[in-house]
Amino acid sequence: MDQSSKVVITIARQYGSGGRTIGEMLAEDLKVHYYDKELLKLASEDSGINERLFVNADEKVKVTHLFKVIKNVYNGQLIPPESEDFVSDDNLFNYQAKVIKELAGEESCVIVGRCADYVLKDYENVLSVFIHAPKDYCMEQAAKKVSMSSRDLERYIARTDKRRAEYYKYHTGREWTDARNYDLCLDSSKLGFERCVEEIKAYLKVRFKD
């Protein structure tokens, strides 16, 4: 991809839908960097905060009251080092968002998860994608990577997606699975991974044509 016209593709994904694999395939095809867990290391280096704290808070929020929706919608602000909240989960997200914004300004790349679509919602050079699939398909795909009983795997998938949805709602004020949050929503069970990559590339050509 021509770096003179930087384009960032953000990918949100249901667990087992293959979103991460699709992101990796897309990045390799476009010959751009792929960012997933690497964002945690970059945010740690930028802030000076131990990477383990970023890992522990990754794509999840602390338990909230059952009937109370708690939000801390991201506004771009960083909490200063002298504050007792400097290493709070909220500030860990702030630094992760700072890194995402810097990457979007520096290079074409693929970024998976971490509310990147919302963090970059005001950027003209961003294409946001949501990869989803029916439960049975997600179970089938997840079983290839995770060894557990069918019942336990079903619970694990449900718990992971619930955690991601809560994380997204907390930091964006939006519903994670709402198609209106994304430019493109793809059902990987109907298309397969390679076709998903091709559809994203086709959308890129139309969206960012010269």
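Let me start with a pair of helices: the axes of helix 2, residues 38–47, and helix 4 come within 9 Å and cross at roughly 105°, which makes helix 2 roughly perpendicular to helix 4. I should say at once that this is a predicted model, and what follows should be heard with that in mind.

Staying with that crossing, the helix 2 side of the contact consists of L39, L40, L42, A43, D46 and S47, and these meet Y95, Q96, K98, V99, I100 and L103 in helix 4. By residue class, the contact of helix 2 with helix 4 divides into eight nonpolar, two polar and two charged residues.

Now to the sheet. It is an open sheet of five strands, in the order 2-3-1-4-5, with parallel pairing. Strand 2, residues 33–35, and strand 5, residues 184–187, stand at the edges with a single partner strand each, so one side of each is left without a neighbour in the sheet. From one strand to the next, the twist averages 20°. If we look at one of these pairings in detail, strand 4, residues 126–132, and strand 5 are joined in the parallel sense over four bridges, and V129 stands opposite L184 in strand 5. Helix 1, residues 19–30, lies across strand 1, strand 2, strand 3 and strand 4, and runs at about 165° to strand 1.

Next comes helix 7, which covers residues 150–172 and, with its 23 residues, reaches 33 Å from first C-alpha to last, close to the 33 Å expected at 1.5 Å a residue. What does helix 7 pack against through its buried residues? The partners are strand 1 (8–13), helix 4 (89–106), helix 5 (116–119) and helix 6 (135–143). The buried residues of helix 7 include L153, I157, T160, D161 and R164, and also Y167, Y168, H171 and T172. Just after helix 7, G173 takes a positive phi of about 80°.

The end of helix 7 brings me to my last residue, Y118, which lies in helix 5. Is Y118 buried or exposed? At 11% relative accessibility Y118 counts as buried, because the cut-off for that class is under 20%. Leaving aside residues up to four places away in sequence, Y118 touches V73, Y74, H171, T172 and R174, and of these H171 and T172 are themselves among the buried residues of helix 7. By contrast, the C-alpha atoms of Y118 and K201, which are 83 residues apart along the chain, are separated by 21 Å.

Definitions and conventions. Residues numbered from 1 in each chain as written. Predicted model: local features only at pLDDT ≥ 70, side-chain atom pairs only at ≥ 80, totals over all residues. Heavy atoms only, no water. Helix = DSSP H or I, 4+ residues; strand = E, 2+ residues; numbered from the N terminus. Expected span 1.5 Å × (residues − 1). Buried < 20%, exposed > 50% of the residue type's maximum accessible area, 1.4 Å probe, protein only. Contact = heavy atoms within 4.5 Å. Pairing = 2+ DSSP bridges. Axes fitted to C-alpha atoms, helices over the stretch in contact; angles between N-to-C directions. Parallel < 35°, antiparallel > 145°, perpendicular 65-115°, else oblique. Nonpolar A, V, L, I, M, F, W, Y, C, P; charged D, E, K, R; others polar.
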